[in-house]
Amino acid sequence: MANLLAPGTLKYEELSSLQTQGLTIFMRLPSPVNGLLAFDAMLDVVNKMAKRSNCQVMDKRRQILTETTLEKMRSRILNFNLMQQLDNYQFKHDYSH
């Protein structure tokens with residue numbers, strides 16, 4: 001998570017009094033857990049934060065996050081996971097001889 005405003009840093013001790021125009025929440029892949037599970041867990045936290053703060057969740061174009069956009073994000077994560085599995089499978093079989 002980063003502050004939308006430069007320099008983007010957040011200090012834990014200042015979060016309760018933070019006033020900003022927005023936060024950027026991101027996830028890096030690959031991760032130690034399944035990407036789709038991590039994404040849905042992150043999204044759950046984001047939605048709870050937004051509700052508690054009376055804020056809106058937006059996409060990278062600063063448009064209200066829609067189910068269509070969420071499905072596209074999940075599809076990208078699924079494709080990434082599949083490519084990782086394929087790469088791992090090919091690597092194991094390339095060096096098994």
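Is Lys48 buried or exposed? With a relative accessible area of 55%, Lys48 is exposed, where buried denotes under 20% relative accessible area, exposed over 50%, and partly exposed the range in between (1.4 Å probe, protein chains only). The structure is a predicted model, in which local features require pLDDT of at least 70 and side-chain atom pairs count only at pLDDT 80 or more, while totals for chains, interfaces and linings use all residues. Residues are numbered from 1 along each chain as its sequence is written, and side-chain values use heavy atoms, with hydrogens and water left out.

The protein contains two helices and two strands, arranged along the sequence in the pattern β-β-α-α; helices (H or I, at least four residues) and strands (E, at least two) are DSSP runs numbered from the N terminus. The C-alpha atoms occupy a box of roughly 60 × 30 × 20 Å along the principal axes. The radius of gyration is 17 Å, whereas a compact globule of 97 residues would have a value near 13 Å; this quantity is taken over C-alpha atoms, and the globule rule is 2.2 Å times the number of residues to the power 0.38. Of the 97 residues, 20% count as buried. The exposed area is about 8,400 Å², of which carbon and sulfur atoms supply 54%, as computed by the Shrake-Rupley method with a 1.4 Å probe; for residues, only the protein chains shown count as cover. Among contacts (heavy atoms within 4.5 Å) with a separation of 6 or more, 36% join residues 24 or more positions apart.

The largest nonpolar core comprises nine residues, namely Phe39, Met42, Leu43, Val46, Ala50, Val57, Leu65, Leu70 and Ile77. Such a core is a set of buried Ala, Val, Leu, Ile, Met, Phe, Trp, Tyr and Cys residues joined through side-chain atoms within 4.5 Å. Helices H1 and H2 each supply at least two residues of this core, and H1 gives the most, with five. Leu70, located in helix H2, is buried at 7% relative accessibility. Apart from residues up to four places away in sequence, Leu70 touches Phe39, Leu43 and Leu65. Between Leu70 and Leu86, which are 16 residues apart in sequence, the C-alpha to C-alpha distance is 24 Å. Ile77 is in contact with Met27, Leu29, Gly35, Leu36 and Phe39 when neighbours within four places in sequence are left aside.

Four salt bridges are found in a search of the whole structure, a salt bridge being a side-chain nitrogen of Lys or Arg within 4 Å of a carboxyl oxygen of Asp or Glu. One of them joins Asp40 to Arg74, with the closest N and O atoms 2.8 Å apart. Because Asp40 lies in helix H1 and Arg74 in helix H2, this pair ties together parts that are 34 residues apart in sequence. Asp40 is partly exposed, at 34% relative accessible area, and belongs with Glu71 and Arg74 to a network of salt bridges. Lys48 pairs with Asp44 at a closest N and O distance of 3.1 Å; the two residues are four apart in helix H1 and are therefore separated by about one helical turn. Asp44 is partly exposed, at 37%. In a further salt bridge, between Asp59 and Arg61, the closest N and O atoms are 3.2 Å apart. Asp59 is buried, at 9% relative accessibility, whereas Arg61 is exposed, at 58%. Both Asp59 and Arg61 are touched by Thr69, residues up to four places away in sequence not being counted. Thr69 is found in helix H2 (residues 67-94) and is buried, with a relative accessible area of 15%.

Several backbone features occur in the loops. The peptide bond from Ala6 to Pro7 is cis, with omega near 5°, and Pro7 lies in the loop between strand E1 (2-3) and E2. A cis peptide bond also leads from Leu29 to Pro30, with omega near -5°; Pro30 is placed in the loop between E2 and H1. Asn54 has a positive phi of about 55° although it is not a glycine, and Arg62, likewise a residue other than glycine, has phi near 65°. Asn54 is found in the loop between H1 and H2, as is Arg62. Asn54 is exposed, with a relative accessible area of 73%, and Arg62 is exposed, with 56%.
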